[in-house]
Amino acid sequence: MNITIETDFLQYLNQTLNFCIHYESDEAHVALTLPALKVKNGVEVEGLTVTGERGQDVPFTIADDTLSIAAASFEVAYAIQTRYAECVGSDKEVDFVYPFVNAEEIFIGSGVIAYPSHIRDLDEKIHAQFRVINLPSDWQMFSNLTPGSISPAVLDTFFVYCAVTQNLSQHVFRGMNGQIVFRLCVQHGKNIPMTPEDLWQYLDTYGHWLEQHLVPMRHLQEIKLLILQAPANFAELANDRSFATGENMVGGIVTYAPADPQYEQRRFKYDTYSDFLYHGLTHEFMHYYTTTVWQGKYKSVLYPAADCPPAHARLIGEYLNIYFHEPYVQRYFLGSDEQFVVETMTRAVHMEQDRQQPHPLLSLFLLDAYLRRMKHSLLALFRCMLERQQS
């Protein structure tokens, strides 16, 4: 299947973004998923049409967020209209990142591009290309949708950030498998509470720790870090339908949280926005080793099989990550991970008692304690899992 995606920013001042996607398939019928159809919360899909190779109308139906199209080769065109001029994060109910547009910025993410519904099964059978037209002159684009062919996973999970000016920084990490280029973009008009040099030094130290205690990083030539900042009232703006954290994807990491200590404390139990960034980036980098999503096939070592129970995927892909990333940050800044045991594990005990069901972090802690008693450790077991998967 060949896919060519064209995004037109000509009408961005009207907070309207136009998409034209050309598909060439060997199948008589094609099903496409367009999550934006399902959101209905300040985001609308307008003027959706499907035309054939000779410009004729092609029959299609819409059910929920799925387009069923009775053709092998066709062109889908539609506009995304958004009321949001600021970042409001991701939807709680739909796998969708809210686009925002203002006079100085354009951001789109997962959910605005119609992609094949069976994308997980396409593997190497897909060839996709992406381009932007009518980007305002002198604006810059920062995206994990790289020129040329892109993987199926990127069609599902991506970001495109364009701005009149961008705060950019770059660093080269020299890993065991070669160099990895880190590129940082901080949202236009925003600041972060550390210098790029401080951040690069931290990620350098962390990257070497990961490679020493786990396995060398692989499949990574470039990682783009985009730091967006939602306003403190983002949830109210999105009718309490959104959350603002961060995510790891093929070729990139994005954070959305506001620079609001009250939000950081309420949501993450962190004291400052700086704590959120260090913990968040540490967490997202470890997702290049283990993840809960199928797209991990293109970026991680451990990722869930199609029939993996969700609870198992979260235990290995999320909680195993948390179990190591939180103590690492505390050791780096405080010289000890005692706070993790005293505070985080105490909360896990209370949550387990309140819910009357095992808490994954407490289960990992008890397993680690048993392994250490046997002169092993959970970290060594994690490394063994990664080595076996790689071999």
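The following paragraphs describe a mixed sheet, the helices that pack on it, and a separate helix pair in a predicted model. Local features need pLDDT of at least 70 and side-chain atom pairs count only at pLDDT 80 or more, while totals for chains, interfaces and linings use all residues. Residues are numbered from 1 along each chain as its sequence is written, and side-chain values use heavy atoms, with hydrogens and water left out.

The sheet is open and built from five strands in the order β15-β16-β17-β20-β19, with mixed pairing (strands pair if DSSP finds at least two bridges between them; strands are DSSP E runs of at least two residues and helices H or I runs of at least four, numbered from the N terminus). Its edge strands, each pairing on one side only, are β15 (167-175) and β19 (246-249), and from one strand to the next the twist averages 15°. Four bridges join β19 to β20 (residues 252-255) in the antiparallel sense, and E247 stands opposite V254 of β20.

Helix α7 (residues 273-286) packs on this sheet, touching β16, β17, β19 and β20 (contact means heavy atoms within 4.5 Å), and its direction makes about 150° with that of β20 (axes are lines fitted to C-alpha atoms, for helices over the stretch in contact, and angles run from 0 to 180 degrees between N-to-C directions). Helix α4 (residues 196-213) lies across β15, β16 (178-186) and β17 (222-227), at about 25° to β15.

Helices α8 (residues 310-334) and α9 (residues 338-355) pack at about 130°, with axes 8 Å apart. The contact involves I322, Y323, E326, P327, Q330 and L334 of α8, together with Q339, F340 and T344 of α9.
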